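Biologist: Hi! Could you walk me through this protein? I'm new to reading structures.

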Amino acid sequence: MSAPAPIRYPSRTSIVGEDTQIRRALPNRERRTVGAWCFLDHLGPVQFAPGKGMHVGPHPHIGLQTFTWMIEGEVVHRDSLGYEQVIRPGQVNLMTAGRGIAHTEDSAQDGAVMHAAQLWIALPDAEKNREPAFQNYADLPTADAGGWRARVLAGSALGLTAPTQVYSPLVGIDFTAAAAADTVLPLQADFEYGAMVLRGQAELDGEALPTGELLYFPPGRTGLRLRCSAAAQVLLLGGRPLGEPIMVWWNFVARTHEEIQQAADDWNAGQRFGTVREGSTAHRLTPPSLDGVHLRPS
């Protein structure tokens, strides 16, 4: 029996912080999650003008983990637990929001090049109210695969296991090639997968994939051929289907409208989320009004 055909989802352009343009692949109107991965922004590569950079002011999160994969440039993370951390190329910042945390993100140096992927992982219902936490991972396992340099960012693949602390069965792998490359990657048949080209062009099981699209593979595959004819970079995400309806609204992941409303009210009242370590130049973010909005889990 052949594996289900892959599905293409276009990303859309959005703005984060003051004026930083990104390509948002998840959530999509037709595809909300890939495993527990529920958010994927691709930023850059971009050369900021002198005096310009990415600056995202204090904002809150609940019910998720923020997962930043840094490719070029440096970003300063500051949060309400008191952490201040510069994330550098080849590193992951993983912030577990749980019951509530707030943070800021700023270019370490304005006028520099930046390239990154910003992801969220929905915490399962049993973990959604856990204590918040933060960790920087500077040493992630790598392997060579048919001309690709594979770096395991989360979960296990290619005989390697990433140190990142996650709470759902999932995987994240960055593939980078300096020239033509061709490999077949073993997959877990009970996982669904999504792939996005971060640089150049690549083919996945013969499907050409330019930048700006998410190629989704339903469960049922045991392998995936990944090839390129020139330098390229591909992000592959996977996981067991979440199996829990969730709501993704503003910076929150929750199960009910009431949870979202309470989180927004608490943030507006200066409660629950603590105070972010000083240093960001960007203004504090305010959630849009929920008046007249009827959120439904999906």
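Biologist: Looking at contacts between residues at least 6 apart in sequence, what percentage join residues at least 24 apart?

Modeller: That comes to 72% of those contacts. Keep in mind that this is a predicted model.

Biologist: Good to know. How many helices and strands are there in the protein?

Modeller: The protein has one helix and 26 strands. Its radius of gyration is 19 Å, close to the 19 Å that the globule rule gives for 298 residues, so the protein is as compact as a globular protein of that length.

Biologist: And what box do the C-alpha atoms fill?

Modeller: Along the principal axes, the box is roughly 55 × 45 × 35 Å.

Biologist: How much of the protein is buried?

Modeller: Of the 298 residues, 54% count as buried. As for the outside, the accessible surface is about 12700 Å², and carbon and sulfur atoms account for 48% of that.

Biologist: Switching topic: how far apart are the mean positions of the positive and negative charges?

Modeller: They are 3 Å apart, taken over 25 positive and 31 negative charges.

Biologist: What about aromatic rings: how many pairs are there?

Modeller: The count is 10 aromatic pairs. One of them is Trp-267 with Phe-273, an edge-to-face pair with 5.8 Å centre to centre and 80° between the planes.

Biologist: Are those two buried or exposed?

Modeller: Trp-267 and Phe-273 are both buried.

Biologist: Which residues form an aromatic cluster with them?

Modeller: Trp-249, Trp-250 and Phe-252 join Trp-267 and Phe-273 in one aromatic cluster.

Terms used
Residues are numbered from 1 along each chain as its sequence is written. This is a predicted model: local features need pLDDT of at least 70, side-chain atom pairs count only at pLDDT 80 or more; totals for chains, interfaces and linings use all residues. Side-chain values use heavy atoms; hydrogens and water are left out. Helices (H or I, at least four residues) and strands (E, at least two) are DSSP runs, numbered from the N terminus. The radius of gyration is taken over C-alpha atoms; the globule rule is 2.2 Å times the number of residues to the power 0.38. Buried means under 20% relative accessible area, exposed over 50%, partly exposed in between (1.4 Å probe, protein chains only). Contact means heavy atoms within 4.5 Å. Accessible areas come from the Shrake-Rupley method with a 1.4 Å probe; for residues, only the protein chains shown count as cover. Lys and Arg count as positive and Asp and Glu as negative; His and the chain ends are not counted. The place of a charge is taken as NZ of Lys, CZ of Arg, CG of Asp or CD of Glu. Rings of Phe, Tyr and Trp (its six-membered ring) pair if their centres lie within 6.5 Å; planes under 30 degrees apart count as stacked, over 60 as edge-to-face and the rest as tilted.
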